[in-house]
Amino acid sequence: MMRNEDVVIEELNTLLRGTYMGIHALEHHIQKLDEPELKEKFQSMQQEAKQNAQKLAERIQNLNGVPADSEGITGKMHSNMHKMMLSDETPEIIEDALKGMAQYGVEYSEELVRGDLDPESRRLAEEVIDTSRRHAEELRQLLH
């Protein structure tokens, strides 16, 4: 029987691994982008994601858990595939980033935190998802 705290730690760790996936995906995008202004926008999104990863890790530690330090094995495989398949074309790079943010950053993460998080963990999880939601919106604007 898992203690509720263990469940919370596992959910936050899943969110944390997803955040690492996002950080690495943005890294691939940044490597491919030529336009300085666009690169800068992606870098600031990546900074925010890194700050979120840090906050999640701290919360997990405060619950006496061990924070994930990477996106995990399946995440790594996904990441390598992503790197190989990524287009060199700016619009496609933005599309790809948007898809990742919307699918993983928002939809999948929302599914995840429907569970039984304590109020503080839930607030943090919502904050992380809101960041992704805001980034998705910024990316959507770039495509218009």
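**Exercises on salt bridges, core and loops**

E10 is partly exposed, with a relative accessible area of 37%; partly exposed means between the limits for buried (under 20%) and exposed (over 50%), found with a 1.4 Å probe and protein chains only. The model is predicted, so local features need pLDDT of at least 70 and side-chain atom pairs pLDDT 80 or more, while totals for chains, interfaces and linings use all residues. Residues are numbered from 1 along each chain as its sequence is written, and side-chain values use heavy atoms, without hydrogens and water.

**Exercise 1.** Find the salt-bridge partner of E10 and state the N to O distance.

*Solution.* Step 1: a salt bridge is a side-chain nitrogen of Lys or Arg within 4 Å of a carboxyl oxygen of Asp or Glu. Step 2: the side chain of E10 meets that of R17 in such a bridge, at 2.9 Å from N to O. Step 3: R17 is partly exposed, at 26% relative accessibility. Step 4: searching the whole structure gives 14 salt bridges.

**Exercise 2.** Decide which helices are tied together by the salt bridge between E138 and K41.

*Solution.* Step 1: the two side chains meet at 3.7 Å, N to O. Step 2: E138 belongs to helix α5 and K41 to helix α2, so this bridge links parts 97 residues apart in sequence. The helices are DSSP runs (H or I, at least four residues), numbered from the N terminus. Step 3: E138 has 22% relative accessibility and is partly exposed; K41, at 29%, is also partly exposed.

**Exercise 3.** Describe the separation of D130 and R133 in helix α5, and then identify a network of salt bridges that includes E138.

*Solution.* Step 1: D130 and R133 form a salt bridge whose closest N and O atoms are 2.5 Å apart. Step 2: the two residues are 3 apart in helix α5, which means that about one helical turn separates them. Step 3: D130 is partly exposed at 40% relative accessibility, and R133 is partly exposed with a relative accessible area of 35%. Step 4: through salt bridges with shared partners, K41, E48, R134 and E138 are joined into one network.

**Exercise 4.** Locate E48 and give the C-alpha distance from E48 to E89.

*Solution.* Step 1: E48 is in helix α2. Step 2: its relative accessible area is 25%, so E48 is partly exposed. Step 3: along the chain, E48 and E89 are 41 residues apart, and 25 Å separates their C-alpha atoms.

**Exercise 5.** Analyse the largest nonpolar core.

*Solution.* Step 1: a nonpolar core is a set of buried Ala, Val, Leu, Ile, Met, Phe, Trp, Tyr and Cys residues joined through side-chain atoms within 4.5 Å. Step 2: the largest one holds 22 residues, and L12, L15, L16, L56 and V113 have the most contacts inside it. Step 3: two or more residues come from each of α1, α2, α4 (90-112) and α5 (119-142). Step 4: the greatest contribution to this core is that of α1, with 7 residues.

**Exercise 6.** Place N64 and E35 in their loops.

*Solution.* Step 1: N64 sits in the loop between α2 and α3 (72-85). Step 2: N64 has a phi near 65°, a positive value in a residue other than glycine. Step 3: N64 is exposed, with a relative accessible area of 68%. Step 4: E35 is in the loop between α1 (4-32) and α2 (36-62). Step 5: E35 is partly exposed, with a relative accessible area of 45%.
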